[in-house]
Amino acid sequence: MRDNDFKGEFAQTLEVSTPDHPYQRKIFFIGLGNEKNNQRHHLIRIAALAGRHISKRALENVAFLLPKYFGGNACEIIALLCAAGFNQGIYNLAIRRSTPDRFQPKRVDFLTPIPIMEESIKPLQNRMMIEANACTLARDLVNTPAGELNPISFAELIAIESEKTSISCEIWDEAQLKSNNMNCILGVAQGSAIAPRFVILRYQGADHRSVMAWVGKGVTFDSGGLSMKTGEQMIDMKCDMAGAATVFTALLAIAQMKVPVNILALLPLVENMVSGNSIKLGDVLVAHNKKTIEVRNTDAEGRLILADALSFAVENQVSQIIDLATLTGSCMVALGTEIAGLMSNENPWAEKVHRAIVGAGERSWPLPMDEDFDELLESSIADISNVAGNRYAGAIVAGKFLQSFVGTTPWVHLDIAGPAFAANDSRFHAAGATGTFVRSLIELAIRYRD
């Protein structure tokens, strides 16, 4: 700093060695920047940058000194954000390489610059560990090749993990899907050799009757069906179940933390494949709520399986609904790869969800849901079409489609296509699954009030 080499600018780094110290320590400095960099997601990035740096070499012990102040945030918030970011940074995508290129330290201590911070964060240690494990599991699930994680194996894994907690798990097979009129899930899955599953998870953590529904899109591989994707578009389509992974791992976390909330989690799991039995353009599906859908594009399959799941949630008279889905490339065109599109039919519920996302240091942005978008989904042969007749407002059109299956129940749709999966390495995360919005759902559950 004396030589003006290190100014503490945002994400500026400097590593120094202490050769005269008996343990020959290395100290890694990271700049926090100024007030404009004092948003919560910036602190996550700073901590992730630290994790990415130290994971380049095998280290036994790492000490992370928390910043004393950061944008007026409380000690507890600073600790949670730094723990989340550091865990993000040390995640190793290349777990199947014969020679690892990144290493997780065996021990990490979060140190506090003032005694009051130490007392404040002691009660958070359990939450920090549980959140880290949940985010890591979500990343692992999304990064697992589709040849290993399919609707059946994913459902079996969910059942095994749920048994370790107070979560009840019910899994519907093809016969049960048929008898319960889950025709959209069956329709999307009929081109695959692997049968679909519908996972129903219930967590009862509170005495009150209010139940929040979490719905996660679970397309374990998406070829696009007969509206086939290109090879370039298809290469990462193992990630199309990120919504289901997010919902499942967040629910595990709140069960482990015994959060006083009631949640119905619904995970429609399918493969969208091509065969002589694939759903065809022009086919009409009858959703769980009896609404008829003209299929104009088989690559708009996520909204179809969500239609059945959302209808089921409404049928169960839940108090509020939130669905998460890697739904549209259009949302990435509009908002980039770091921000989710948020769509809703009720402002108070949308605001509650948005505040939880901000509290977790993650990001979303509201998109308009005006009634004139409805006409884009009109069909001459069915109640609704699954795509519009043009390429405009694709993310909103998908949201409007989903809205037609929730009735008057307060509902939020999060299009997480951008934030859920990173195409390339960066200074802040490895390529692949990011685990984004696991912590937002946990935060929403902790803050939840009827």
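**Helix packing and buried side chains**

His53 is buried in this predicted model, with a relative accessible area of 17%, a value that falls under the 20% limit for burial. The residue belongs to helix α1, which covers residues 40-54. Its side chain is joined to that of Glu15 by a polar contact of 2.6 Å. Once neighbours within four places in sequence are set aside, His53 is in contact with Glu15 and Phe28.

Helix α1 also carries Ile46, and here too the residue is buried, at a relative accessible area of 5%. Beyond its neighbours within four places in sequence, Ile46 is in contact with Phe10, Ala11, Ile30, Gly31 and Leu32. A look along the chain adds another view of this position: Ile46 and Arg427 are 381 residues apart in sequence, yet their C-alpha atoms are 9.6 Å apart in space.

Moving on from α1, we come to Ser55, which sits in the loop between α1 and β3 (61-65). With a relative accessibility of 0%, Ser55 counts as buried. What does its side chain reach at 3.0 Å? The partner is the backbone oxygen of Gly51. A polar contact of 2.8 Å also joins the side chains of Ser55 and Arg102. Arg102 appears again among the residues in contact with Ser55 when neighbours within four places in sequence are left out, a list that consists of Gly89, Ile90, Asp101, Arg102 and Phe103.

Attention now turns to the packing of helices. The axes of α4 (residues 125-143) and α9 (residues 242-257) come within 9 Å and cross at roughly 155°. Angles over 145 degrees count as roughly antiparallel, and α4 is therefore roughly antiparallel to α9. The crossing of these two helices is right-handed. On the α4 side, the contact is made by Arg127, Ile130, Ala134, Leu137, Ala138, Leu141 and Val142. The α9 side supplies Ala242, Ala245, Phe248, Thr249, Leu252, Ala253, Gln256 and Met257. By class, the residues of this contact divide into 12 nonpolar, 2 polar and 1 charged. The spacing along each helix can be read against a general rule: an α-helix has 3.6 residues a turn, so residues three or four places apart point the same way.

Val142, a residue of α4, deserves a closer look. It is buried, with a relative accessible area of 3%. Apart from neighbours within four places in sequence, Val142 is in contact with Lys238, Cys239, Met241, Ala242, Ala245, Phe421 and Ala433. Among them, Ala242 and Ala245 are also named on the α9 side of the contact between α4 and α9. As for its relation to helix α1, Val142 and His41 are 101 residues apart in sequence and 22 Å apart in space, C-alpha to C-alpha.

Helix α9 has a second partner in α14 (residues 438-447). These two helices pack at an angle of about 45°, with their axes 9 Å apart, and α9 is thus oblique to α14. The crossing with α14 is right-handed. From α9, the contact involves Thr246, Val247, Thr249, Ala250, Ala253, Ile254 and Met257. From α14, the contributors are Val438, Leu441, Ile442 and Ala445. The residues of this contact divide into 9 nonpolar, 2 polar and no charged. Thr249, Ala253 and Met257 of α9 are listed both in the contact with α4 and in the contact with α14.

Is α14 enclosed or open to its surroundings? Of its 10 residues, 8 are buried, so the helix is largely enclosed by the rest of the structure. The buried residues of α14 are Val438, Arg439, Ser440, Leu441, Ile442, Glu443, Leu444 and Ala445. Arg439 and Glu443, which are among them, count as charged residues.

Finally, two residues stand out for their backbone geometry. Lys258 has a positive phi of about 55° although it is not a glycine. It is found in the loop between α9 and β9 (262-272), and it is exposed, with a relative accessible area of 66%. Ala393, likewise not a glycine, has a positive phi of about 55°. Its place is the loop between β15 (384-385) and α13 (394-403), where Ala393 is partly exposed at a relative accessible area of 31%.

Methods. Residues are numbered from 1 along each chain as its sequence is written. This is a predicted model: local features need pLDDT of at least 70, side-chain atom pairs count only at pLDDT 80 or more; totals for chains, interfaces and linings use all residues. Side-chain values use heavy atoms; hydrogens and water are left out. Axes are lines fitted to C-alpha atoms, for helices over the stretch in contact, and angles run from 0 to 180 degrees between N-to-C directions. Helices (H or I, at least four residues) and strands (E, at least two) are DSSP runs, numbered from the N terminus. Angles under 35 degrees count as roughly parallel, over 145 as roughly antiparallel, 65 to 115 as roughly perpendicular and the rest as oblique. A crossing is left-handed if the near helix is turned anticlockwise from the far one by less than a right angle, and right-handed if clockwise. Contact means heavy atoms within 4.5 Å. Buried means under 20% relative accessible area, exposed over 50%, partly exposed in between (1.4 Å probe, protein chains only). A polar contact is a pair of N or O atoms within 3.5 Å; within protein, one must be able to donate a hydrogen and the other to accept it, and residues adjacent in sequence count only if both atoms are side-chain atoms.
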